[in-house]
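I am opening a fresh page for this chain and will write down what I look up, entry by entry.

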Amino acid sequence: FGMFGIVALPILAFLKFIYSLVGNWGISIILLTVFIKAALFPLSQKSYRSMKGMQKLQPEIEKLMEKHGEDKEALNRDMMALWKEHGVNPLGGCLPMFLQMPIWFALYQTIYSSVDLYNAPLGMWIHDLSGPDPYYIFPVLLGFLMLGQSYFTPTAAGMDKTQANIMKYGMPLMFSGMMVSL
């Protein structure tokens, strides 16, 4: 499992435990993913709240940028005071996501490297979890779910319309394209 072994081995043990209850590796993976997402929900919620707070302060930050012009030191000082006044932490949106990344990488490594999943059927039309989706249903479903999720996710402060559209439409399309080959 590489450098994620510390996290991946407990995930694999939990996946095997779920499999012992359910008897299907595909359903076990889905349940494991739901469990991990639920366990990490407080971190995600904190990140979304912080991003929303930064988004609300964006008009005031723009006024400060106009006021101070090229004086970066005064701009930073006033922005820090504004964030402190409103109880917003600029790292509050990124830090919780950064803490989750090793867990998600370990989950991917566990699923990718687990010998138990080789030739294991999901059921329905997937007869081998280690092979690609023959009808590309899951990559398309991923794209639609990511698109739906983007409507509930706040845009980052300072993001212009082009960036927002790339994040909203381009990212689901790109990830769907990447998942076709997996």
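**Entry 1: two residues in one loop**

I began with Tyr136, which lies in the loop between α5 and α6. The model is a predicted one, and in it Tyr136 has a positive phi of about 55° although it is not a glycine. I then looked up its accessibility: with a relative accessible area of 42%, Tyr136 is partly exposed, because the label buried applies under 20% and exposed over 50%.

I noted Asn119 on this page as well, since its place is in the loop between α5 and α6. Asn119 is not a glycine either, and its phi is positive, at about 65°. Its relative accessible area is 44%, so Asn119 counts as partly exposed.

**Entry 2: the salt bridge**

I stayed with the loop and turned to charged side chains, for which the count comes to one salt bridge. Which side chains meet in it? I found those of Asp116 and Lys16, at 3.4 Å from N to O. The pair links distant parts of the chain, as Asp116 sits in the loop between α5 (95-113) and α6 (137-150) while Lys16 belongs to helix α1, 100 residues apart. I checked both partners for accessibility and wrote down 35% for Asp116, which is partly exposed, and 40% for Lys16, which is also partly exposed.

**Entry 3: α1 against α2**

Lys16 led me to the packing of its helix. Helix α1 (residues 5-22) and helix α2 (residues 25-39) pack at an angle of about 125°, with 9 Å between their axes. That angle makes α1 oblique to α2, because it falls in none of the ranges set for roughly parallel, roughly perpendicular or roughly antiparallel. I recorded the crossing of α1 past α2 as right-handed.

From α1, the residues I found in the contact are Ile11, Phe14, Leu15, Lys16, Ile18, Tyr19 and Val22, and they meet Trp25, Ile27, Ser28, Ile29, Leu31, Leu32, Phe35 and Ile36 of α2. Sorted by class, this contact of α1 with α2 holds 13 nonpolar residues, one polar and one charged.

**Entry 4: α2 against α5**

I followed α2 on to α5, where the two pack at about 170° with their axes 12 Å apart. That makes α2 roughly antiparallel to α5, because angles over 145 degrees are counted that way. On the α2 side the contact is made by Ile29, Leu32, Thr33, Ile36 and Lys37, and on the α5 side by Ile103, Trp104, Leu107 and Ile111. By class I noted seven nonpolar residues, one polar and one charged in the contact of α2 with α5.

**Entry 5: α6 against α7**

The next pair I looked up was α6 and helix α7 (residues 161-180), whose axes come within 8 Å and cross at roughly 160°. The two helices are therefore roughly antiparallel to each other, and α6 passes α7 in a right-handed crossing. The α6 residues Pro139, Leu142, Gly143, Met146, Leu147 and Ser150 meet Lys168, Tyr169, Met171, Pro172, Phe175, Ser176, Met179 and Val180 in α7. I divided the contact of α6 with α7 by class into 10 nonpolar, three polar and one charged.

**Entry 6: a serine in α3**

Is Ser47 buried or exposed? I placed Ser47 in helix α3 (residues 41-68) and found a relative accessible area of 0%, so Ser47 is buried. Leaving out residues up to four places away in sequence, I listed Gly92, Gly93, Pro96 and Met97 as the residues that Ser47 touches.

Key: Residues are numbered from 1 along each chain as its sequence is written. This is a predicted model: local features need pLDDT of at least 70, side-chain atom pairs count only at pLDDT 80 or more; totals for chains, interfaces and linings use all residues. Side-chain values use heavy atoms; hydrogens and water are left out. Axes are lines fitted to C-alpha atoms, for helices over the stretch in contact, and angles run from 0 to 180 degrees between N-to-C directions. Helices (H or I, at least four residues) and strands (E, at least two) are DSSP runs, numbered from the N terminus. Angles under 35 degrees count as roughly parallel, over 145 as roughly antiparallel, 65 to 115 as roughly perpendicular and the rest as oblique. A crossing is left-handed if the near helix is turned anticlockwise from the far one by less than a right angle, and right-handed if clockwise. Contact means heavy atoms within 4.5 Å. Ala, Val, Leu, Ile, Met, Phe, Trp, Tyr, Cys and Pro count as nonpolar, Asp, Glu, Lys and Arg as charged, and the others, Gly among them, as polar. Buried means under 20% relative accessible area, exposed over 50%, partly exposed in between (1.4 Å probe, protein chains only). A salt bridge is a side-chain nitrogen of Lys or Arg within 4 Å of a carboxyl oxygen of Asp or Glu.
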